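Reader: Please take one part of this model and walk me through it closely. I care about surroundings, burial and side-chain contacts.

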Amino acid sequence: MKITFVTIALAGILLSVSCGQRDGWKLVWEENFESETINPEIWSKTERGTADWDDTQSHDERCYGFRDGNLILRGIVNDNTQADTAAYLTGGLVTWGKKSFAPGRIEVRARLQSARGAWPAIWLMPFDENVKWPYGGEIDVMERLNSDGFVYQTVHSNYTLYLGKKDNPANFSTIEFNPEDFNVFGVDIHRDSLVFHVNGVRNFAYPRLPEVPDSLGQFPFFQPMYLLIDMQLGGSWVGETDPADLPVEMEVDWVRHYVRKD
């Protein structure tokens, strides 16, 4: 098991703390990828779809790998469009139907390479297959576009999408990160709010509005979720892909799930 240390500032004093320990939280599950295999009891490779986020997803072995105990998800140029018509191929993993995460804290430590058209993402969706999108909500823990020096952290729901309520409260924020190194992307799921952070630094909180009826779907997030970690290339949001920038990698060190000690 890897033990990683980060340095945080508290009241002007620098402290080193283990990433596996969080005040007020209990670590209940982790994936360190030390075996350098994809555990089929937890993870599935993301299936190809027609949406911007999954229209290059592939099971091609070149889109997956391991290095120094870290999972590698790649975006590559497709060199055989007779076998697969997609111009690009990308790797992604999902725990849908296999592993659910109770409300708590989710953190993923990852390093993101830059490329024009690169769109790596870490996100959560309702584990209950009967809850249709977006009524069960979507929690985007991290999305990075191209070579940006910041990431997006966003929530989607019936309230934000179909009712168009994206400003009160604001449903997303951006935060700077270190593009050259590993960063810890996380969210805390509480009954009354979602709290997003990067490297232990709070970015923003999305509150539950008590005056809004549950039927409007403003805060459906307090439920078991499944996790997606994927590299994607191209789309209406990220823009065109430059094949000269490929291959591009998303390197995942670990995934950790905590619940409140109380």
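Author: L216 is found in the loop that runs between β16 (201-207) and β17 (225-230). The model is predicted. L216 counts as partly exposed, because its relative accessibility is 34% and the partly exposed class lies between 20% and 50%. On the surface, L216 joins W133, Y135, Y162 and L163 in a nonpolar patch. Together these residues have about 530 Å² of accessible area.

W133 leads on to E138. A polar contact of 2.8 Å links the side chains of W133 and E138. E138 lies in strand β11, residues 138-143. E138 is buried, because its relative accessible area is 10% and the cut-off for buried is under 20%. Leaving aside neighbours within four places in sequence, E138 is in contact with W123, L124, M125, W133, T154, V155, H156 and F221. P220 is 82 residues from E138 in sequence, yet the C-alpha to C-alpha separation is 9.0 Å.

Now the interior. The largest nonpolar core has 52 residues. I139, F185, L194 and I229 have the most contacts inside it. Apart from that core lies another, of 6 residues. Among them are V94, W123, Y226 and L228. F185 touches, among others, I106, V108, A110 and L112, not counting residues up to four places away in sequence.

R109 is in strand β9, residues 105-112. R109 counts as buried, because its relative accessibility is 15%. Its side chain makes a polar contact with the side chain of D253, at 2.5 Å.

Technical notes:
Residues are numbered from 1 along each chain as its sequence is written. This is a predicted model: local features need pLDDT of at least 70, side-chain atom pairs count only at pLDDT 80 or more; totals for chains, interfaces and linings use all residues. Side-chain values use heavy atoms; hydrogens and water are left out. A nonpolar core is a set of buried Ala, Val, Leu, Ile, Met, Phe, Trp, Tyr and Cys residues joined through side-chain atoms within 4.5 Å. Buried means under 20% relative accessible area, exposed over 50%, partly exposed in between (1.4 Å probe, protein chains only). Contact means heavy atoms within 4.5 Å. Patches are made of residues with over 30% relative accessible area and no salt bridge: like charges are joined within 9 Å, nonpolar side chains (Val, Leu, Ile, Met, Phe, Trp, Tyr) within 5 Å. Accessible areas come from the Shrake-Rupley method with a 1.4 Å probe; for residues, only the protein chains shown count as cover. A salt bridge is a side-chain nitrogen of Lys or Arg within 4 Å of a carboxyl oxygen of Asp or Glu. Helices (H or I, at least four residues) and strands (E, at least two) are DSSP runs, numbered from the N terminus. A polar contact is a pair of N or O atoms within 3.5 Å; within protein, one must be able to donate a hydrogen and the other to accept it, and residues adjacent in sequence count only if both atoms are side-chain atoms.
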